Amino acid sequence: MDMNTIVGTHDILMITLDTLRYDAATMEEANCPNLCGTGSWEKRHTPGSFTYAAHHAFFGGFLPTPATTDKTEHIRMFHSRNTGMKTHPHTWLFDTPDIVSGLAAEGYRTVCIGGVIFFTKKNPLARVLPSYFQQSYWRMTFGVTNPRSTEHQVNHALKLLRDTPSEQRLFMFLNVSAIHGPNHYFVPGAKKDSVDSQRAALRYVDGELGRLFDAFRERGNPVFCLAFSDHGTAYGEDGYQGHRLAHETVWNVPYREFIL
């Protein structure tokens, strides 16, 4: 993908499926027609083991990298200009500290719809990531404790799309919270989170994202979509629980890029 032909001509939609494990994602490909209707998940390594660290890297242009020892074929989509590092002709170079302000400098309206705690803006730490954007939103209904959080996030996104003229290029970022724990309530009768409840949460998320994808298509602009996990999580493997730790269940993440 030549990002120099994307930036300025396409709307850009970036979705982080917070805490989604690679194995859970691949097991649900057949049940996720919106995220996987045009392809399969790619296995990648995340640059951070929890939300705050990973998103700083993403907004700096460091997206998850292919889970392989052969990096010769990997072309970075975004790269800060004048770092002294060799870049590829298909990489879009930005002159700002991050890709969000870089896209704003190209005329994009930048919008964040937050999900997990680091996007709540409830304290100075939780205001850092949303501050990258011209507009940022978070509601209690978008958070991890609401079983209908993705529905509420998509409803808000649809309102913003209706209020954005089609000639205005848009960079929308959506941090999906539903897959992050607690997610056991997506499996009736379950008492604790598991790979199965993550899979159920992903099915729910995919169903809601279909409405968002349709709304972007209706704007009439080509849309470049990035969908990936910021990190995984452990459910007892090798004695580990959760994330912010070094285990393959945390570092291996699903990744997709496609044109709507």
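These are my notes on the cores, the annotated domain and the pockets of a predicted model.

**Cores.** I looked up the largest nonpolar core first and found 43 residues in it. Ile15, Leu17, Met172, Leu209 and Leu212 have the most contacts inside this core. I then listed the elements that each supply at least two of its residues: the strands β1 (11–17), β6 (109–113), β8 (170–176) and β9 (223–228), and the helices α2 (22–27), α3 (33–36), α6 (149–162) and α7 (195–218). α7 gives the largest share, eleven residues. I noted another core, apart from this one, with 30 residues, including Trp92, Tyr108, Cys112 and Phe171.

I picked Leu209 for a closer look. With neighbours within four places in sequence set aside, Leu209 is in contact with Ile15, Leu17, Leu35, Val154 and Leu174.

**Annotation.** I checked UniProt, where an unreviewed entry lists residues 96–254 as "domain: Sulfatase N-terminal". Over residues 96–254 I have 31% helix and 18% strand, with the end C-alpha atoms 28 Å apart.

**Pockets.** I recorded about 250 Å³ of space for the largest pocket. It is lined by 16 residues, and Arg44, His74, Ile75, Arg76 and Met77 are the closest to its centre. I sorted the lining into eight nonpolar, five polar and three charged residues.

For the second largest pocket I have about 150 Å³. Its lining consists of His74, Ile75, Arg76, His79, Met85, Lys86, Thr87, His88 and Thr91. I count two of these as nonpolar, five as polar and two as charged. I also noted that His74, Ile75 and Arg76 line both pockets.

Methods
Residues numbered from 1 in each chain as written. Predicted model: local features only at pLDDT ≥ 70, side-chain atom pairs only at ≥ 80, totals over all residues. Heavy atoms only, no water. Core = buried A, V, L, I, M, F, W, Y, C linked by side-chain atoms within 4.5 Å. Buried < 20%, exposed > 50% of the residue type's maximum accessible area, 1.4 Å probe, protein only. Helix = DSSP H or I, 4+ residues; strand = E, 2+ residues; numbered from the N terminus. Contact = heavy atoms within 4.5 Å. UniProt positions renumbered as here; feature names shortened; annotations may be inferred. 1 Å grid on protein atoms, 1.4 Å probe; cavity = no way out; pocket = protein on both sides within 12 Å on 5 of 7 lines; lining within 4 Å. Points joined across faces, edges and corners; volume = space filled by probe spheres on them. Nonpolar A, V, L, I, M, F, W, Y, C, P; charged D, E, K, R; others polar.
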